[in-house]
Amino acid sequence: MTPDRNVDVYASRQHGVLSLDQARRAGFTDNMVHGRLEAGAWVRLASGVYAVASAPPKWERQVAAAILSRPRAIVSGASAAYLHGFEGYRRGRPEITVPMRTSVRSPLARVARSIWFDELGTTKVSGFKVANVAETLLVLAGRIPAARLERLTDDQLAAGVVAVEDFEPIRRRVSNGRVRGSGVLFPLLDERAADAWEPPANQLEGYLNRLVDDPAVPPASRQHPFRFDRLPMIVDIYIAAWRLILEADGRRWHSRRADFERDRARDNSAAAAGIAVLRFTWRMLTEDLAGCRRILLQTGATR
């Protein structure tokens, strides 16, 4: 093939981008490269990185250029989150991770260095070498609020694209030193493990009893029986004056996921009968009982 045809092959695989080394391997001399730039057939994006002028200046082209601007690099951070389809992430300045002794200066991307570069879990997405879902969640754990991290993690676990066990290589890797975000992410994963601790029922009941132990809350019936759509059930607490059911949930994450459809069906049946349902998790009740009571009273005021 001719040098131009060889370049087209590179560019077609890399969103219209190629490196100087690739151009040379394709048969281009430095004078030929200079000629393409002078003629406007190529556009210089960074030192030793070019785009074919006919390639549209899309975000993917910028990411490909950022990767090619370093001898070794992977897409990471928010850019990896976007490529993995994480909710709330959009195209932005590309983010890449490189080995520790590599420069972080770049006109193309935000660059992070990792002492564990060779151990990072990666995958292929849209033709890019990308930090895998577990690695991406670890990076995000050091940047975003815990509540948002929990939602993102649960989304990925529920979709089956990652499992709690997939984080074990990361745990082993960072065991000798604290890594930003690990103090939030790892306890969250522990709660979702198959053998996670489950609080005793009497402790859950105790917290729920404390929740309704307020002069502003009408009398409450505990372990109240219902039958909706011929579906018998016993709810933790029923406040008849407010037509409100309260449920305390201390199930392991895997159990909650398995029971999700049943719980939603029960809630829908209650709503059809004009009864509202509030569900409180163990964490809510133990870490923010005052906040739970505030929600309870606000709900009761509307009933």
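This is a short tour of a predicted model, with a suggestion at each stop of what to select next.

**Stop 1: the whole chain**

Start zoomed out, with the protein chain drawn as a cartoon. You'll be looking at 14 helices and 12 strands. The radius of gyration is 27 Å, well over the 19 Å that the globule rule gives for 303 residues, so the chain is more spread out than a compact globule. Turn the chain along its principal axes, and the C-alpha atoms fill a box of roughly 85 × 45 × 30 Å. If you colour by burial, 46% of the 303 residues come up as buried.

**Stop 2: from Trp-116 to Arg-243**

To get a feel for distances, select Trp-116 and Arg-243 and draw a line between their C-alpha atoms. That line spans 56 Å, and the two residues are 127 apart in sequence. Now zoom in on Arg-243, which sits in the loop between β10 (231-239) and β11 (244-249). Is Arg-243 buried, partly exposed or exposed? Its relative accessibility is 37%, so Arg-243 counts as partly exposed.

**Stop 3: the cavity**

Stay with β10 and β11, since both supply at least two residues to the lining of the largest cavity, as do α12 (260-272) and β12 (276-281). Which element gives the most to this lining? Helix α12 does, with three residues. To see the whole wall, select Met-233, Val-235, Ile-245, Glu-247, Arg-266, Asp-267, Ala-270, Val-277 and Arg-279. The space they line has a volume of about 40 Å³, and the structure holds just one cavity of 30 Å³ or more. Colour the lining by class and you'll get five nonpolar and four charged residues, with no polar ones.

**Stop 4: the second largest pocket**

Next, select Ala-112, Arg-113, Ser-114, Val-139 and Val-179. Of the 24 residues lining the second largest pocket, these lie nearest its centre. Show β5 (95-99), β6 (110-114) and α6 (133-141) as well, as these are the elements that give two or more residues to the lining. Strand β6 gives the most, with five residues. The volume of this pocket is about 570 Å³. What is the mix of classes in its lining? There are 11 nonpolar, six polar and seven charged residues.

**Stop 5: aromatic rings**

Switch on the side chains of Phe, Tyr and Trp. The count comes to five aromatic pairs. For a good one to look at, pick Trp-59 and Tyr-82: the rings are 5.0 Å apart, centre to centre, with 80 degrees between the planes, which makes the pair edge-to-face. The two partners come from distant parts of the chain, 23 residues apart, with Trp-59 in helix α4 (residues 59-68) and Tyr-82 in helix α5 (residues 77-83). Add a surface and compare the two residues. Trp-59 has a relative accessible area of 10%, under the 20% cut-off, so Trp-59 is buried. Tyr-82 comes to 22%, so this residue counts as partly exposed.

Then select Phe-28, Trp-42 and Tyr-50, which together form one aromatic cluster.

**Last stop: a charge over a ring**

Finish with Phe-186 and Arg-171. What lies over the face of Phe-186? Look along the ring and you'll find Arg-171 there, at 4.7 Å from the ring centre.

Key. Residues are numbered from 1 along each chain as its sequence is written. This is a predicted model: local features need pLDDT of at least 70, side-chain atom pairs count only at pLDDT 80 or more; totals for chains, interfaces and linings use all residues. Side-chain values use heavy atoms; hydrogens and water are left out. On a 1 Å grid over the protein atoms alone, a cavity is a set of points where a 1.4 Å probe fits but cannot get out, and a pocket is an open set with protein on both sides within 12 Å along at least five of seven lines; lining residues have an atom within 4 Å of a point. Grid points are joined across faces, edges and corners, and a volume is the space filled by probe spheres set on the points. Helices (H or I, at least four residues) and strands (E, at least two) are DSSP runs, numbered from the N terminus. Ala, Val, Leu, Ile, Met, Phe, Trp, Tyr, Cys and Pro count as nonpolar, Asp, Glu, Lys and Arg as charged, and the others, Gly among them, as polar. Rings of Phe, Tyr and Trp (its six-membered ring) pair if their centres lie within 6.5 Å; planes under 30 degrees apart count as stacked, over 60 as edge-to-face and the rest as tilted. Buried means under 20% relative accessible area, exposed over 50%, partly exposed in between (1.4 Å probe, protein chains only). A charge sits over a ring if NZ of Lys or CZ of Arg is within 6 Å of the ring centre and within 35 degrees of the ring normal. The radius of gyration is taken over C-alpha atoms; the globule rule is 2.2 Å times the number of residues to the power 0.38.
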